[in-house]
Amino acid sequence: VVTTHIDDTGQTAAAGLGIAEVLFKPVRREVLERAVARAAGRLPAEPAGCLPHTAAGIVTPPSRDEAQAAGALILVAEDNPVNQIVIRQQFLRLGFAADLAEDGEAAWNTLQNGGYGLLVTDCYMPRLDGYALARRVRAGETLSGAHLPIVALTAAALSGESERCLAAGMDDYLAKPVELAALEAMVARWLPKALDLRTPVSAPAPAPAPAKLPQTPEAAVPAVLDLAFVISLFGDKEAAKPMMGYFLETTGPTLEQLAEHLAAGAMEDARFAAHSIAGAARTAGAGQLATVAANVEVAVVETGLEAARALFPELRAAFERVTEAVEREL
């Protein structure tokens, strides 16, 4: 059922009618996909009491050694430097101890040290991507009988990407940019013992009122720059400024690498570059840039080199608009 409003009585009635999921408009694509997957039995049901963001108040994470000894250390495989900074900050804010690996091969080697209770991985990375990493982990578990929860970080640009995650042996997936509440709920679902290792610093704050969504048709048009997500992580514009500068500093060279790969006809390298730009742009609130970069990635995979080349001038122009907006707003 998809609705605009339902109260507790309505929820109970829906369950009594055998309705598996109640979703609230507007429905994000990844929320709908996950609901369908749960209803079909391809993902476990949401447990009662999953922690919303700020449910534990302000918390501090355990030390890395404490988390590792408890089997509650999180490993994140992510190749994009901007996304590395952001997800490290997110786990710090939520009170979870996490290590970073720069790609799937590094993550696989790191996992051999033990003590990890959850693997969070990007899908597309050089050397060993998230799909191949998940298959390698699952193959290694065949004899041991162990099961490491694996959650994908996906840009969901390509059709069937969520299905590929589950087929590769992953347990769950989150769409970028990952909101704090969704990240916390994911850890509560797959690594609940990590919640007990957090140290409360202050009591939970009252839940903020839900933001009102714009009702104009322009709401569907991605923004050149929306800093709300970044500011929510770093506190204010001044604190967010270094991260945004790093985003521009690292994305510009990737854009030039993409141009070189497209000119040389290096399709797989072009795809990685476009995917990296799209992921970083989503995290940085550069909606238009993320959309065009995702379109380039889709063109490389599904349409062909000429279509991707034709989109590149639009991508460069979108990056220039973001650069101007960052300089103007920060």
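Leaving aside neighbours within four places in sequence, which residues is Leu-258 in contact with? In this predicted model, the list runs to Ala-270, Ala-273, Ala-274, Ile-277, Val-296, Phe-312 and Leu-315. Leu-258 belongs to the largest nonpolar core, a set of 62 residues, and is among those with the most contacts inside it, along with Phe-247, Leu-289 and Leu-315. A second core, separate from that one, has 27 residues, including Ala-107, Leu-119, Cys-123 and Tyr-173.

Helix H4 is worth a look next. It covers residues 81-94 and reaches 20 Å from its first C-alpha to its last, close to the expected 20 Å. Quite a few of its residues are buried, among them Val-82, Val-86, Gln-90 and Leu-94. At the N-terminal end, Asn-80 acts as the cap, with a side-chain oxygen 3.0 Å from the backbone nitrogen of Val-82. Just past H4 comes Gly-95, with a positive phi of about 85 degrees.

Then there are the salt bridges, 12 by count. Glu-78 pairs with Lys-176, their closest N and O atoms sitting 3.1 Å apart. Glu-78 is in the loop between strand E4 and H4, while Lys-176 is in the loop between strand E8 and helix H8, so the pair ties together parts that are 98 residues apart in sequence. Both residues are buried, and Asp-122 joins them in a network of salt bridges.

Asp-103 and Arg-127 form another salt bridge, at 2.9 Å. Here the partners contrast: Asp-103 is buried at 4% relative accessible area, whereas Arg-127 is exposed at 60%. Arg-316 and Glu-256 also meet, at 2.8 Å; this pair connects helix H13 with helix H10.

How values were computed
Residues are numbered from 1 along each chain as its sequence is written. This is a predicted model: local features need pLDDT of at least 70, side-chain atom pairs count only at pLDDT 80 or more; totals for chains, interfaces and linings use all residues. Side-chain values use heavy atoms; hydrogens and water are left out. A nonpolar core is a set of buried Ala, Val, Leu, Ile, Met, Phe, Trp, Tyr and Cys residues joined through side-chain atoms within 4.5 Å. Buried means under 20% relative accessible area, exposed over 50%, partly exposed in between (1.4 Å probe, protein chains only). Contact means heavy atoms within 4.5 Å. Helices (H or I, at least four residues) and strands (E, at least two) are DSSP runs, numbered from the N terminus. The expected span of a helix is 1.5 Å times one less than its number of residues. A polar contact is a pair of N or O atoms within 3.5 Å; within protein, one must be able to donate a hydrogen and the other to accept it, and residues adjacent in sequence count only if both atoms are side-chain atoms. A salt bridge is a side-chain nitrogen of Lys or Arg within 4 Å of a carboxyl oxygen of Asp or Glu.
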